[in-house]
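Welcome! Have a look at the sequence and the model below, then work through the exercises at your own pace.

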Amino acid sequence: MVQKPLVYVISDSVGETAELVIKAGLSQFNHSDYKIQRIPYVEDKQTIDDTLQIAKENQAIVGFTLVDPTLRQHTNEQAGKLNIEAIDIMGPMMDAMERVFEKDPRLEPGLVHKLDEDYFKRVEAIEFAVKYDDGRDPRGIARADIILIGVSRTSKTPLSQYLAHKRLKVANVPIVPEVDPPEELYEVDPAKCIGLKINAQKLNNIRKERLKALGLGDQATYANLSRIHQELDYFDQVVEKIGCQVVDVSHKAVEETANIILQLINKH
């Protein structure tokens with residue numbers, strides 16, 4: 001009877017990279033029944049020696065991902081003395097890259113997972129921006145890194161998405177005279193809240209174009225200049241009550257406005 005393969009994974013991080021490579025290798029030998037035992041966050045020679053001794057006793061294979069050259073060399077040497085099959089998964093690749101790039105590696109364990117963490121934070125922020133867009137759920141205000149407020153067509157949604165790609169959780173709230181802003185808006189730190197101000201004539205032009213795009217006449221109340229002044233006056237009242245900072249978006253691209261917001265937030 002063929003013995004079920006047993007593999008010990010030694011890693012200075014979580015050991016996921018080594019396990020994936022080993023599983024890929026085992027699949028080429030039709031091994032669906034095997035056991036992989038991870039030994040993560042290894043920082044000393046004693047842990048390596050103990051693992052190699054156990055592997056020897058169990059007739060196991062060892063795979064390892066160690067960025068520290070001293071620990072890598074020690075593992076290879078000790079495995080050779082014990083006559084254990086030990087696979088250096090990262091070493092040869094790093095050595096080759098060092099020769100090609102003519103640059104020393106950083107030798108920091110777990111950098112892949114730091115990159116993954118950055119990616120998931122960005123995804124989480126994007127999902128947050130969608131969930132708490134346009135004041136859908138005021139509970140997001142307390143959880144947000146940034147709260148954007150403004151009348152309709154002041155780029156609240158595209159700004160929220162742009163800032164989300166910077167891993168910031170953004171909620172945005174529309175300001176409408178007939179609707180009281182959520183109480184949560186007055187309870188958060190005013191420094192987290194940014195009012196988006198816009199010139200009345202500029203907003204009038206934007207709204208007219210929006211109505212045309214929707215196949216509607218540009219004479220609707222939505223694009224009426226008197227109505228716009230009413231909305232902007234109410235916006236000023238809300239901003240004053242909150243005590244938040246204001247950015248004029250009248251003639252700014254989304255990227256430009258976002259950079260100004262980031263600078264304001266970073267000051268605090």
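**Exercise 1.** Which residues does I261 touch, not counting residues up to four places away in sequence?

*Solution.* Begin with the ground rules: this is a predicted model, where local features need pLDDT of at least 70, side-chain atom pairs count only at pLDDT 80 or more, and totals for chains, interfaces and linings use all residues. Residues are numbered from 1 along each chain as its sequence is written, and side-chain values use heavy atoms, with hydrogens and water left out. Next, look for contacts, meaning heavy atoms within 4.5 Å. I261 touches I146, L148, L159, L163, I194, L196 and V247.

**Exercise 2.** Find the largest nonpolar core (buried Ala, Val, Leu, Ile, Met, Phe, Trp, Tyr and Cys residues joined through side-chain atoms within 4.5 Å).

*Solution.* Here, buried means under 20% relative accessible area, exposed over 50%, and partly exposed in between (1.4 Å probe, protein chains only). The largest core has 39 residues, and I146, I149, I194 and I261 have the most contacts inside it. Elements that each supply at least two residues include β5 (146-150) and α10 (254-267); helices (H or I, at least four residues) and strands (E, at least two) are DSSP runs, numbered from the N terminus. The most comes from α9, with seven residues. Apart from this core lies another, of 15 residues, among them Y8 and L52.

**Exercise 3.** Where does Q59 lie, and is Q59 buried or exposed?

*Solution.* First, locate Q59 in the loop between α2 (45-57) and β3 (61-65). Then check its relative accessible area: at 64%, Q59 is exposed. Finally, note its phi near 55°, a positive value in a residue other than glycine.
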